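The following paragraphs lead through a protein structure, from one enclosed element to the whole chain and then to single residues. Please keep the sequence and the coordinates open while reading.

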Amino acid sequence: MNAKTGLRIFLIFATGYFLSYIYRGLNIGFAPFLTAELGLSAGDLGLLTSVYFASFALAQLPAGLALDTYGARKTEACLLLVAALGTVIYGMSSGMMGLIVGRFLIGIGVAVCLGAAFMALAKSFPVSRLPMLNGMMVALGGMGGVVVGTPLASLLQLYSWQTISIGMAGCTVLVVALIWFGVIEPKAQQASPKMSFSKQLEGTKRILSHRVFWQLVSLPSVCGGAFYAAQSLWVRPYMIQAQGMLPEQADRLVSLLGISLVAGTLVSGLLARKLERLGLNVFRFAGLGLLTFLFIQLGIIMQWPIPHALLWSAYGISASCNILAYSVMLEVFPQQVMGRVTTAFNMVYFVCIFAMQMGIGYILDVWPQQDGVYPAQAHMTAWGIMLGLQLLAALWYFWPSTLKVEAAEFV
């Protein structure tokens, strides 16, 4: 495959992942309007936004089988049409049930945007280039987290949240056309059926019952759950209601948070491999990075006298270390089950996001609102509980044990 074709495939799938990231965080800008127009409580907002992550997790096994059977191009294009339908339903809804249905369909529709991108890159580039390209893919997609800050806030001054939702459907259909007509899979590279769903499910059950799997995913999943629960909904209210920021300042910091996550994703991947040559393996490097993430959350809760831009940038950069869990599992689990290990990790990861995002909303609702605002104590309590859960996960992650799985266990 020539360089031009490879670049086109990379950019097209990066656009799809970028779009999925915008979907993930849209409610951070929509939340004040949903509260004012539809009277949604914090618990309602948490449930509504987290439905995306629940449906995303539920879709992993069947979507993964579809990728193996039909290939990245067909699977992602068809599922993105489901996301387009979901955002139309979302934008046309005037009640909680319609919003939930729309959000649920969006989560299913974008469930393979990253997995399909990784699969397409693996079929289009030499193995030696994949770590760098995968990192760049995640980083470019993460720029969607920048869009849901100041750019989205500016759009909401001109258009309603309903109009923006419908507009997202049009953008999604355009991306579908790019994927369908712009990506050509040579016959030699087209996917073919590899295993039945029941066989895949059997292997996943074995993985989900394995002690090593749970030790590896414990800290990355819980930390990732805390970060994305905040980034896609609760971080802006926290900045405004717990730290007393103006909405414009909070919007800028949400965009900065997205940029810092992108930067952290690029830097942590490069730094991990360099430090590995010096004797610090990826497992411990990822763990130390996530411990730093915990320390920074403590600083946010305690309101240390550090400039907001610096503290929230460090929050995003350190959170990016959870992506290194994929590399750790490549080293620990045998190659023949790697697809199922990745799928199982994705399920656990997004269930954590779902649970934490919804949980924060219900914790906030314990306190009465004052003029539509929750007291700072409510937000700090929710973040403190999340921090406690992450500390427990850190103890499990670093618990001394043998972290190696033999291929014979999956014969």
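Helix H16 (residues 325-332) is largely enclosed by the rest of the structure, because six of its eight residues are buried. Those buried residues are Ala325, Tyr326, Ser327, Val328, Met329 and Val332. Buried here means under 20% relative accessible area, exposed means over 50%, and partly exposed lies in between, with a 1.4 Å probe and protein chains only. Helices are DSSP runs of H or I with at least four residues, strands are runs of E with at least two, and both are numbered from the N terminus.

The model is predicted: local features need pLDDT of at least 70, side-chain atom pairs count only at pLDDT 80 or more, and totals for chains, interfaces and linings use all residues. Residues are numbered from 1 along each chain as its sequence is written, and side-chain values use heavy atoms, with hydrogens and water left out.

The pLDDT is the predictor's confidence in each residue, on a scale from 0 to 100. Its mean over the protein chain is 88, and 92% of the residues reach 70 or more. Among the elements of the chain, helix H18 (residues 376-397) has the highest mean pLDDT, 97, and helix H11 (residues 197-208) has the lowest, 73. Over residues 188-192 the pLDDT is below 50, and this stretch has 11 contacts in the model beyond near neighbours in sequence. A contact means heavy atoms within 4.5 Å.

In the protein chain there are 18 helices and zero strands. The C-alpha trace spans about 60 × 50 × 40 Å along its principal axes. The chain has a radius of gyration of 21 Å, which agrees with the value near 22 Å for a compact globule of 411 residues. This radius is taken over C-alpha atoms, and the globule rule is 2.2 Å times the number of residues to the power 0.38. Of the 411 residues, 55% are buried. Among the contacts with a separation of 6 or more, 83% are accounted for by residues 24 or more positions apart.

The interior can be described through its nonpolar core, a set of buried Ala, Val, Leu, Ile, Met, Phe, Trp, Tyr and Cys residues joined through side-chain atoms within 4.5 Å. The largest such core has 132 residues, and Trp312, Tyr315, Phe333 and Trp383 are those with the most contacts inside it. Helix H12 supplies the largest share of this core, 18 residues. Leaving aside neighbours within four places in sequence, tryptophan 312 is in contact with ten-odd positions spread along the chain, including Val235, Met239, Leu253, Ser260, Ile300 and Trp383.Gln243 is also one of the contacts of tryptophan 312.

Glutamine 243 lies in the loop between helix H12 (211-242) and helix H13 (247-276). Glutamine 243 counts as buried because its relative accessible area is 14%. Its side chain makes a polar contact with the side chain of tryptophan 312 at 3.4 Å. A polar contact is a pair of N or O atoms within 3.5 Å; within protein, one must be able to donate a hydrogen and the other to accept it, and residues adjacent in sequence count only if both atoms are side-chain atoms. Apart from neighbours within four places in sequence, glutamine 243 is in contact with Tyr238, Ile300, His308 and Trp312.

Serine 55, in helix H3 (residues 42-70), is another buried polar residue, with a relative accessible area of 0%. Which backbone oxygen does its side chain reach at 2.9 Å? That oxygen belongs to phenylalanine 104, and the side chain also reaches the backbone oxygen of tyrosine 52 at 3.1 Å. Not counting residues up to four places away in sequence, serine 55 touches Arg103, Phe104, Gly107 and Ile108.

Alanine 111 is in the loop between helix H5 (96-109) and helix H6 (113-124), and its relative accessibility of 6% makes it buried. Its C-alpha atom is 7.2 Å from that of alanine 63, although the two are 48 residues apart along the chain. Beyond residues up to four places away in sequence, alanine 111 touches Phe56, Ala59 and Gln60.

Alanine 139, in helix H7 (residues 130-142), is buried at 4% relative accessible area. Alanine 139 and phenylalanine 125 are 14 residues apart in sequence and 18 Å apart in space, C-alpha to C-alpha. With neighbours within four places in sequence left aside, alanine 139 is in contact with Val262, Thr265 and Leu266.

The cysteines remain. A disulfide is a covalent bond between the sulfur atoms of two cysteines, and the criterion used here is a pair of cysteine sulfur atoms within 2.5 Å. A search of the whole structure finds zero disulfides. Why does cysteine 78 form no bond with the closest cysteine sulfur? That sulfur, in cysteine 113, is 13 Å away, which is too far for a bond. The sulfur of cysteine 171 is 14 Å from its closest cysteine sulfur, in cysteine 113, and is therefore too far for a bond. Cysteine 78 is partly exposed at 45% relative accessible area, and cysteine 171 is partly exposed at 38%.
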